[in-house]
Amino acid sequence: MTTESPTNHAVPTGSKAAAAIEKARGEGRPALICYLPAGFPDAQTTIDAAVAMADNGADIIELGIPYSDPVMDGHVIQAATVQALAGGFKVAQIFDIVRGITERCDAAVLVMTYWNPVLRHGVDEFSRKLAEAGGAGLITPDLIPDEASEWFAASDEHGLDRVFLVAPSSTPKRLTEAVSASRGFVYCVSIMGVTGARTSVATTAEGVVAAAHAAGAGRACVGLGVSNRSHIEEIGSYADGVIVGTALVAALRDGGVEAVAELTAHLSGRKDQPA
């Protein structure tokens, strides 16, 4: 496990996510982490949209594996994952989608997944295939460190990042465990609730990041509720990265890859808000 002090930004060996965040830090900005459900609206469009994100300023791509019973997704992402599943998405496709992205851009690609699909596939086999596809690692929202020994072993064996979540409700013990277990960054959930674009940043976000840093996180990134450039500028004043999901999924739904490219360019500060 990698434990880092709040002032130590050394990149863990082989960590693609940490390297991407440190590159952004060197440019004086927070890393931009952009989310899409894999297979929405189909596998090739997911690949094209992710590459468009990377081309327009995304530092890290987060791909969600569609799940039949999500516990933290709002209605926009739920509808997208339902569509992906109805279109025939299978977990095994994630490796081809990751490979399709990493062959066309330099962004680090993380997979966000509930733990059951990984268990069903086989933790070591899933990890090996993800690494072979060029993936950076996993974000695991329903896996806690004290139940993750198999994942620790597989992620070490295959050089993958492991991103655990902390929230306003996390106890000091749980927060310390999550920070110690994470490699790449710690995912700071800014609100108690489901995903979804919001008009303002939750007041709890800064406190969660401060707690993660105090517990030793070298990189703490904020997700849930981020939808525009002003949110990113606000969060970037105290966090190391900002995660955007629902707004991008809605853009892909309503305007296709071009709309995703335009919104990402706005979020990254490369151009003004699209009309």
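How many bridges join β7 to strand β8 (residues 220-223)? The number is 4, and these two strands run parallel.

## About the model

This is a predicted model, in which local features need pLDDT of at least 70, side-chain atom pairs count only at pLDDT 80 or more, and totals for chains, interfaces and linings use all residues. Residues are numbered from 1 along each chain as its sequence is written, and side-chain values use heavy atoms, with hydrogens and water left out.

## The chain as a whole

The protein chain has 11 helices and 9 strands; these are DSSP runs numbered from the N terminus, with helices being H or I of at least four residues and strands E of at least two. Of its 275 residues, 57% are buried (under 20% relative accessible area, with a 1.4 Å probe and protein chains only).

Contacts (heavy atoms within 4.5 Å) reach well along the sequence: among those in the protein chain with a separation of 6 or more, 71% are between residues 24 or more positions apart.

## Around strand β7

Strand β7 covers residues 186-189, and its residues are buried: Val-186 and Cys-188 point one way, Tyr-187 and Val-189 the other. Besides β8, strand β7 pairs with strand β6 (residues 165-166) in the parallel sense over 2 bridges; pairing requires at least two DSSP bridges between the strands.

Cys-188 is a handy residue to click on here. Val-166 stands opposite Cys-188, while in β8 the bridge partner of Cys-188 is Val-222. Together, β6, helix α8 (residues 172-181) and β7 form a right-handed β-α-β unit (with the strands pointing away from the viewer, the path from the first strand over the helix to the second runs clockwise).

## Helices α2 and α11

Helix α2 (residues 43-55) packs with helix α11 (residues 246-267) at an angle of about 35°, the axes being 8 Å apart. Axes are lines fitted to C-alpha atoms over the stretch in contact, and angles run from 0 to 180 degrees between N-to-C directions.

On the α2 side, the contact is made by Thr-45, Asp-48, Ala-49, Ala-52 and Met-53; α11 brings Leu-248, Leu-252, Val-257, Val-260, Ala-261 and Thr-264.

## Phe-126 in its surroundings

Phe-126 is found in helix α6 (residues 123-132). Why does Phe-126 count as buried? Phe-126 is buried because its relative accessible area is 0%.

Beyond neighbours within four places in sequence, Phe-126 is in contact with several residues, including Ile-65, Val-91, Phe-95 and Leu-138. The C-alpha atoms of Phe-126 and Ala-92 are separated by 8.8 Å, with these positions 34 residues apart along the chain numbering.

Terms used:
Buried means under 20% relative accessible area, exposed over 50%, partly exposed in between (1.4 Å probe, protein chains only).
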